[in-house]
Amino acid sequence: MVKKYTTFALVYAVIALAMGVFYREFTKILGFDGFTSLSFIHTHYFVLGMVFFLLLALLEKSFSFSVQGKTMPFVVVYNIGLNIACLGFLIRGITQVLGVTLASAPDAALAGIAGIGHILLAVGIVAILLKVRKSAA
């Protein structure tokens, strides 16, 4: 599992770097200098993707919490939540840079989708940390 967690960390590091470049170049090409939700994607993928999975790999090495089984479904929920939340940031950020004003229903739907992503992230992280805690005792 350590290798799996470090692979996740590597993938998220690459995505974080790519999203950072996209944010910088997309806003520069369009001459946008205001606030945009695109700025959150880079840090979300670095911290909640790369750093989280690197820490998880270290915890796995120390406590072998994944050996007890049933950890991977929570990792999947966490990954889905992180990517849904970041997709919400991406769509919101692109509309902000392009100056597109969303009607109230699509705006609320986008906020709801990002919220669902954050809820899944929370459920995943709490469940994973409970598994770590159980194996550390």
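Guide: Helices are DSSP runs of H or I with at least four residues, strands are runs of E with at least two, and both are numbered from the N terminus. This is a predicted model, in which local features need pLDDT of at least 70 and side-chain atom pairs count only at pLDDT 80 or more, while totals for chains, interfaces and linings use all residues. Residues are numbered from 1 along each chain as its sequence is written, and side-chain values use heavy atoms, with hydrogens and water left out.

Visitor: How far apart are the end C-alpha atoms of helix α4?

Guide: Helix α4 covers residues 104–136, which makes 33 residues. The expected span of a helix is 1.5 Å times one less than its number of residues, so α4 should span 48 Å. The model agrees with that figure, because the end C-alpha atoms of α4 are 47 Å apart.

Visitor: What covers the buried residues of α4?

Guide: Buried means under 20% relative accessible area, exposed means over 50%, and partly exposed is in between, with a 1.4 Å probe and protein chains only. The buried residues of α4 include Leu110, Gly117, Leu121, Ile128 and Lys131. Contact means heavy atoms within 4.5 Å. By that rule, the cover over the buried residues of α4 includes α2 and α3.

Visitor: Which residue of helix α3 forms a salt bridge with Asp107?

Guide: A salt bridge is a side-chain nitrogen of Lys or Arg within 4 Å of a carboxyl oxygen of Asp or Glu. Asp107 lies in helix α4 and its partner in α3, so the pair ties together parts that are 15 residues apart in sequence. Asp107 is partly exposed at 31% relative accessibility, whereas the partner is buried at 18%. The distance is 2.3 Å, N to O, and the partner is Arg92.

Visitor: Which residues do salt bridges with shared partners join into one network?

Guide: The whole structure has three salt bridges. Glu25 meets Arg24 at 2.9 Å, N to O, and Glu25 meets Lys28 at 3.5 Å. Glu25 and Lys28 are three residues apart in helix α1 (residues 2–29), so about one helical turn separates them. The network therefore consists of Arg24, Glu25 and Lys28.

Visitor: Is Lys28 buried or exposed?

Guide: The other two members of the network are partly exposed, Glu25 at 25% and Arg24 at 46%. Lys28 has a relative accessible area of 54%, so this residue counts as exposed.

Visitor: What is the nearest side chain of opposite charge to Glu60?

Guide: Glu60 is in helix α2 (residues 38–63) and is buried without a salt bridge. Beyond four places in sequence, Glu60 touches Met1, Val2, Tyr5, Phe65, Ser66 and Val67. Lys and Arg count as positive, Asp and Glu as negative, and His and the chain ends are not counted. The nearest side chain of opposite charge is 9.6 Å from Glu60 and belongs to Lys61.

Visitor: How many residues apart in sequence are Phe40 and Phe89?

Guide: Rings of Phe, Tyr and Trp (its six-membered ring) pair if their centres lie within 6.5 Å; planes under 30 degrees apart count as stacked, over 60 as edge-to-face and the rest as tilted. The rings of Phe40 and Phe89 have centres 5.3 Å apart and planes at 45 degrees, so this pair is tilted. Phe40 is in helix α2 and Phe89 in helix α3 (residues 72–98), and the distance between them in sequence is 49 residues.

Visitor: At what angle are the planes of Phe35 and Phe40?

Guide: A search of the whole structure finds eleven aromatic pairs. Phe35 and Phe40 form one of them, edge-to-face, at 5.8 Å centre to centre. Phe35 is exposed at 56%, and Phe40 is partly exposed at 32%. The angle between the planes of Phe35 and Phe40 is 65 degrees.

Visitor: How far is Ile94 from Ser37 in space?

Guide: Ile94 is in helix α3 and is partly exposed at 26%. Leaving aside neighbours within four places, Ile94 is in contact with Phe22, Phe26 and Leu38. Ile94 and Ser37 are 57 residues apart in sequence, and their C-alpha to C-alpha distance is 8.2 Å.
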